[in-house]
Amino acid sequence: AAAAAAANNARTSFVDPQKVTRYTELYLHEYQQQQQQSPPPSQRLHQISSDPLLFTIDDFIDPALCRKVQSNGAGCFDLLFPERLADLVFGGQESEMDGLLFNEATSSQHVHKKGAYPDGLHMDTNNQCLERHVTCILYLNDVPEECGGATVFPLARALPNDPALEAAQRLLHQRVSHTRAKDVIDSPDSRLLEERVGTDFDLQHLDNTSIKIQPKAGRLLIFFSRDDQGYQDPRTWHSGERIQPANDGEPTHKRILTLFKQVDYEEKTTTPLISSNTTPLPTLEEYLAPQTLEQRTWLQALAKSNKAIQ
């Protein structure tokens with residue numbers, strides 16, 4: 001047991017000074033590029049970060065149509081969100097396994113919950129949805145920045161030796177994908193993640209280690225929860241920021257429509273073996289890696305082209 005623990009610690013420890021220097025240079029370069037760029041034009045795919053890989057598109061769907069969606073989700077299907085996403089962003093790629101979810105959160109729901117992240121932090125492989133590898137969030141209404149509600153990736157710009165990033169990896173090694181999971185809700189690693197509210201760890205060139213995407217009607221957020229090798233990316237632990245009431249005391253609402261791109265790994269790997277000489281079945285990571293890499297490459301090229309998505 002001691003040897004296994006030592007081996008696990010060796011895998012999850014980041015102390016290589018060269019890696020720290022490389023990541024520092026990478027994040028500083030991205031930060032400087034973003035500072036020099038004008039705001040991304042509407043209906044163009046804009047790459048926010050390369051590691052983790054995040055994109056946004058403003059006005060992906062008519063904001064007026066998005067605002068018509070009701071608190072019970074009525075009107076969602078009028079947006080043709082999955083169809084537009086497949087045709088305009090993913091080169092026609094779609095799967096019957098892709099999952100669609102409507103959600104509304106309000107400041108009234110958050111008032112009695114503690115912490116910056118009232119619902120904790122999670123990976124989108126939560127609830128044993130391990131086949132998920134891309135998440136696409138369509139914001140259906142505007143939420144003023146002073147009212148919170150942003151989608152936050154608190155470890156997105158963390159350096160490799162950031163203790164919170166190491167904690168995030170340890171949780172994934174334990175097959176934990178939610179900081180409020182029963183077995184880890186009060187663990188040091190879960191607390192370390194939830195305490196990371198955008199504070200700078202070590203990199204003084206940046207304000208903090210987080211990336212925040214503020215809800216705006218028609219805005220699309222795309223992020224890859226798995227890297228090009230098919231492994232879960234610990235930098236994509238995320239959550240919805242606490243939602244605050246408006247200045248006049250009225251409750252604030254946040255409505256989103258989320259599509260999870262996923263594959264049917266179980267069906268592909270439960271076919272009876274024809275003979276004992278059959279090639280071993282691929283792991284989930286090996287199975288996901290080729291299509292994840294293809295999709296990541298496709299979207300990065302689309303963002304680089306600066307072409308309008310229409």
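Start by selecting Thr135 and Phe223: in β7, Phe223 is the bridge partner of Thr135. Keep in mind as you click around that this is a predicted model.

**Stop 1: strand β4 and its two neighbours**

Now widen the selection to β4, residues 132-139. On one side, β4 and β7 pair in the antiparallel sense, over five bridges. Add β9 as well: seven bridges join β4 to β9, and these two also run antiparallel. To find your place along that pairing, pick Val134, which stands opposite Lys261 in β9.

How many of the eight residues of β4 are buried? Eight of the eight are, so the strand is largely enclosed by the rest of the structure.

**Stop 2: across to Gly99**

Keep Lys261 highlighted and add Gly99. The two are 162 residues apart along the chain, yet their C-alpha atoms are separated by 6.7 Å. Gly99 belongs to strand β3, which covers residues 99-106. Leaving out residues up to four places away in sequence, what does Gly99 touch? Its contacts are Thr258, Leu259 and Phe260.

**Stop 3: helix α4**

Next, select residues 81-88, which make up helix α4, and colour its buried residues: Phe81, Leu85 and Ala86. Those residues cover an arc of only 125° around the axis, which puts them on the same side of α4. Which strands do they pack against? The answer is β3, β4, β7 (220-224) and β9 (253-262).

Stay with Phe81 for a moment. At 1% relative accessibility, Phe81 counts as buried. Beyond its neighbours within four places in sequence, Phe81 is in contact with nine residues you can switch on together: Phe60, Ile61, Leu100, Cys136, Leu138, Leu220, Leu257, Thr258 and Leu259.

**Stop 4: the nonpolar cores**

In soluble globular proteins, nonpolar side chains tend to be buried together. Here the largest nonpolar core has 28 residues. To see those with the most contacts inside this core, select Phe60, Phe81, Leu85, Val89, Cys136 and Ile222. Then show β2 (53-57), α4, β4, β7, β9 and α9 (284-305), since each of them supplies at least two residues of this core.

There is also a second, separate core of 17 residues; Met123, Ala158, Leu171 and Leu193 are among them.

**Stop 5: two aromatic pairs**

The structure holds two aromatic pairs. For one of them, zoom in on Phe60 and Phe81: the arrangement is edge-to-face, with 6.5 Å centre to centre and 80° between the planes. This pair links distant parts of the chain, with Phe60 in the loop between β2 and α3 (63-67) and Phe81 in helix α4, 21 residues apart. Phe60 is buried too, with a relative accessible area of 1%.

For the other, jump to Phe153 and Phe223. Their ring centres are 4.9 Å apart and their planes are at 75°, so this pair is edge-to-face. Phe153 sits in strand β5 and Phe223 in strand β7, 70 residues apart, so to speak a link between distant parts of the chain. Are these two rings' residues buried or exposed? Phe153 is buried at a relative accessible area of 0%, and Phe223 is buried at 0% as well.

**Stop 6: the three-stranded sheet**

From Phe153, select the whole of β5, residues 151-153. It belongs to an open sheet of three strands in the order β6-β5-β8, with antiparallel pairing. Which strands are at the edges? They are β6 (211-213) and β8 (239-240), each of which pairs on one side only. Two bridges join β5 to β8. Click on Val152 and you can look across to Ser239 in β8, which stands opposite.

**Stop 7: Asp189**

Now go to helix α7, residues 188-194, where you will find Asp189. Asp189 counts as buried, at 13% relative accessibility. Setting aside neighbours within four places in sequence, Asp189 is in contact with Ala167, Arg170, Leu171 and Gln174. Leu171 is a residue you have met already, in the second core.

**Last stop: zoom out**

Finally, show the whole chain, with its nine helices and nine strands. Of its 310 residues, 48% are buried. Among contacts between residues at least 6 apart in sequence, 81% join residues at least 24 apart. The accessible surface comes to about 16100 Å², and 50% of that belongs to carbon and sulfur atoms.

Technical notes:
Residues numbered from 1 in each chain as written. Heavy atoms only, no water. Helix = DSSP H or I, 4+ residues; strand = E, 2+ residues; numbered from the N terminus. Contact = heavy atoms within 4.5 Å. Buried < 20%, exposed > 50% of the residue type's maximum accessible area, 1.4 Å probe, protein only. Arc of directions from axis to C-beta. Pairing = 2+ DSSP bridges. Areas by Shrake-Rupley, 256 points an atom, 1.4 Å probe, with all protein chains shown as cover. Core = buried A, V, L, I, M, F, W, Y, C linked by side-chain atoms within 4.5 Å. Phe/Tyr/Trp six-rings, centres within 6.5 Å; stacked < 30°, edge-to-face > 60°.
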